[in-house]
Every structure is written in C-alpha cells, then in structure tokens.
Amino acid sequence: MNADPDVELMLTFCKGREDAFVELYRRYRDRIVAFCRRIVGSDAQAEEAAQEVFLKLYRAREGYEARSRFSTFLYRIAANHCLNVQARVEHKLTQRGVDIDARIATGPSGSAPAQHAQLEQDELRSELQRALATLPDRQRTALVLVHYEGLSYEEAAQAIDVTESALKSLIHRARTAMMEQLEPWLLANEGARHAV
Amino acid sequence: MLCEETQERLAQRRVSGASDAVLDAHLKQCARCEQRAASEAALDRLLLLDSPHTPGPGFDTRFFARLDAERGKQRRGRVWGMHWAGWALVPIAAGVALVLMRAQPQKPATQDELLAAELEPDDVDLVLELELVEDLPVIQQLDELEAFELLEAVDQAELDKLAAETK
C-alpha cells in the first residue's frame, strides 16, 4: 500500500503537514467534482457535495489507515456522501408527492425522448445524461466508478461496500438499462460508424 | 463457448482491453451475441460523449474558506475538550477531599469516653481526689497538643467540664 504516492501524502497529512492535504486536494479536485456531478445531477449540488467530500477527508486524518489505494478510500467517501445526498433529495421529493421516476424520465425539457436517426452532439449528450439519471443510484454509481473514474471492479466494489460479483451485477443491469433507453441512438451511432 | 458466457467475456475484455480469441470466434458464429457485442460497443462510444463537469469560478476560494472554518472548529473542539475535562475534575477533587477529611485524626475522645474505656467509675473519683490528674488519658492528650491549631480542635465545652470536675 505504501507504493501508492497518494497514500504517502495522506500519511504525511496525518502527521500534521497541511500542505500534503492541499496537494491531495489539487490532485483529486476535478475528478471528485466530475464524479459528484454524474451522481447528484446538478452543478451546484455536485460542487457542494465535492467540497463536503474533501472536508470529510480532512476530518478523516485522525482514524486513517492505509488499507487500500488512496483513490479507493476517497471514492468511498464520495460515493457514500453522494448516495446519502440523493437519498435525502428523493425523500424530500416523495414527501411532497413528486413522482421521481416521471420527473427523471421526461428530463429537464419536460419532453419525451425524441426518435431521430441522427442527432446533434449536444442533444445526444443530453439524452445520455438523462439516461444516466434514470438509473437507480447504486447502479449509476457503480457504472460511473468503473467507466468514468477508471476504478477496477475490486476497487469500485470496495468504494460502495459490495462484493465484486454484486458490483458486476450492478454494472450489467446499468448497461442493459442504458442500452434500452438509448436504443435508437445506439443504432444511429452504429450506422454512422459503419458509414465511416 | 456458450452464449451465457458472452456477457462476462465482453465485460472482461472491456476492463482489461486484452483480446479474446474464443469470444471473437463465437461472435462470428452467433448473430444474437454479435448484435449484443455491437450494442455494448456503441454504448461505450456514447458514454464517452459525456464530458466531465469542471469546477466553476470561485470553487477553490469557497472551499478554502470552509476549510478555515473547519480548522477553527477543530481548534475550539480541543479547547472545549480541555474545559470539559477541567469540569470533570471537580467531582474527582471533591471525592479526594472527602477521603482526606475522613483520614484526618479524630477529635480527642472526651474524658468520659476515655475514663469509661480505661477506669472504673470508683477509680476515677479516686484519681481526681488524689490529684493524679496527670494520669488521666485526656490530660496526657492535652499535654501532647502543642500546636495552637490542634488545641483549637479540642472541644472547649469539654475542657470547661473537665476543669469543673477537677476542682
């Protein structure tokens, strides 16, 4: 574990060197912000969540033990925090009688997914983000950790506290759901690829 | 290779990037699995379209302001911890004081107690009559009390009674 330079930085921080914490912040800021954005779904909430993650990291120095790669440890904090944020948001919406599934499915524009053979990149990106948002939180988190953050199955499983086989199952279900949601665009994308 | 293995093998190849000749051979023979593989590959390309959100302006400034507040909170927590530790010492100190008070030497026994313990009533009268007051234990104790502070511990009323009885 000591071969991980970020673990060394964290251990240095634990001994009282605040500059080591600032260096860790600098290295992981963008990744954690991007991760939070993909989980909580709004820019403002994502930035707030990312800052909370780093504050939790700061508080964690008293009990920190280098039991895994540092990135796994940090993503574990981030995943737990974002999933808690989502749970609180959904609880509040449910209390107000908002149908969460319908709200997500129609997306910010309020319109149903368009059936077009070829779409502009921005619209396609928007559909992709909406499809990600429709996933259950844990499926989305698993998919984001492996596909976007580059964690291995083992690391991602540790981050969200499941077994590796449970993680593979989450990812499989997430991908299957995404393929169903994005089927028209998958075919269009494949057609465009063959045309090239 | 069985179709049921396709999903797992596709996932492994996606993660490792390593080639899988057995999988490739099966995909050439199985249209359903080949379609599944094509959809998975298309999804991977689509997923790349999602660009990461970057922190907006002022993100660092806001964060370091919160970090300063957190540091202040931790410092105050340490001070309060010492404050509460101090208050926790009060009952401990009270307990120690009680123990010390109980351990102090008891007030000298009264003449009556001493006499009752050592002499028969008739003997007391005889001692007093013979002016052998210095033999009385209480007198011996009083003689031993050299410090004024200790003399103050003597019950004045008992002294007066003793003086009256020895006359």
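1. Helices here are DSSP runs of H or I with at least four residues, strands are E runs of at least two, and both are numbered from the N terminus. On that footing, chain B has nine helices and zero strands, and its elements read α-α-α-α-α-α-α-α-α from the N terminus on. Helix H4 of chain B covers residues 59-103, and Ile92(B) lies in it.

2. Some housekeeping before the details. This is a predicted model, with local features needing pLDDT of at least 70 and side-chain atom pairs counting only at pLDDT 80 or more, while totals for chains, interfaces and linings use all residues. Residues are numbered from 1 along each chain as its sequence is written, chains are lettered from A and ligands numbered from 1 in the order in which they are written, and side-chain values use heavy atoms, with hydrogens and water left out.

3. Chain B overall: 25% of its 167 residues count as buried (buried is under 20% relative accessible area, exposed is over 50%, partly exposed is in between, with a 1.4 Å probe and protein chains only). The chain exposes about 11800 Å², and carbon and sulfur atoms supply 60% of that (Shrake-Rupley areas with a 1.4 Å probe; for residues, only the protein chains shown count as cover). Take the contacts in chain B between residues at least 6 apart in sequence: 45% of them join residues at least 24 apart (a contact being heavy atoms within 4.5 Å).

4. Back to Ile92(B). Together with Val96(B) and Leu100(B), this residue forms a nonpolar surface patch with about 290 Å² of accessible area in total. Patch members have over 30% relative accessible area and no salt bridge; nonpolar side chains (Val, Leu, Ile, Met, Phe, Trp, Tyr) are joined within 5 Å, like charges within 9 Å.

5. The aromatics deserve a look. Over all chains there are 13 aromatic pairs (rings of Phe, Tyr and Trp, the last by its six-membered ring, with centres within 6.5 Å; planes under 30 degrees apart are stacked, over 60 edge-to-face, the rest tilted). Tyr25(A) and Phe63(B) are stacked, because their ring centres are 4.6 Å apart and their planes sit at 5 degrees. That pair crosses between chains, from helix H2 (residues 18-40) of chain A to helix H4 of chain B. Tyr25(A) is buried at 3% relative accessible area, and Phe63(B) is buried too, at 0%.

6. Phe63(B) has another partner: its ring centre is 5.4 Å from that of Phe64(B) with the planes at 65 degrees, so this pair is edge-to-face. Phe64(B) is partly exposed, at 28%. What cluster do these rings belong to? They join Phe13(A), Phe21(A), Tyr25(A), Phe54(A) and Tyr58(A) in one aromatic cluster.

7. Tyr58(A) also has a charge over its face, with Arg61(A) at 4.9 Å from the ring centre. In another such case, the charged end of Arg38(A) sits over the ring of Tyr148(A), 3.6 Å from its centre. The rule is NZ of Lys or CZ of Arg within 6 Å of the ring centre and within 35 degrees of the ring normal.

8. Salt bridges come to 29 over all chains (a side-chain nitrogen of Lys or Arg within 4 Å of a carboxyl oxygen of Asp or Glu). Arg71(B) and Glu18(A) make one at 2.7 Å, N to O. Arg71(B) is in helix H4 of chain B and Glu18(A) in helix H2 of chain A, so the pair joins two chains. Both ends are partly exposed: Arg71(B) at 21%, Glu18(A) at 23%.

9. Within chain A, Arg69(A) meets Glu155(A) at 2.8 Å, N to O. Arg69(A) is in the loop between helix H3 (43-59) and helix H4 (70-95) and Glu155(A) is in helix H8, so the bridge ties together parts 86 residues apart in sequence. Arg69(A) is partly exposed at 43%, whereas Glu155(A) is buried at 15%.

10. In chain B, Glu40(B) and Arg14(B) pair at 3.3 Å, N to O. They link helix H3 (residues 31-47) with helix H1 (residues 6-16), 26 residues apart. Glu40(B) is buried at 2%, while Arg14(B) is partly exposed at 25%. Both belong to a salt-bridge network with Arg175(A), Arg36(B) and Asp44(B).

11. One backbone point to check: Asp161(A) has a positive phi, near 60 degrees, and is not a glycine. Asp161(A) is in the loop between helix H8 (153-159) and helix H9 (164-181) of chain A, and is exposed at 56%.
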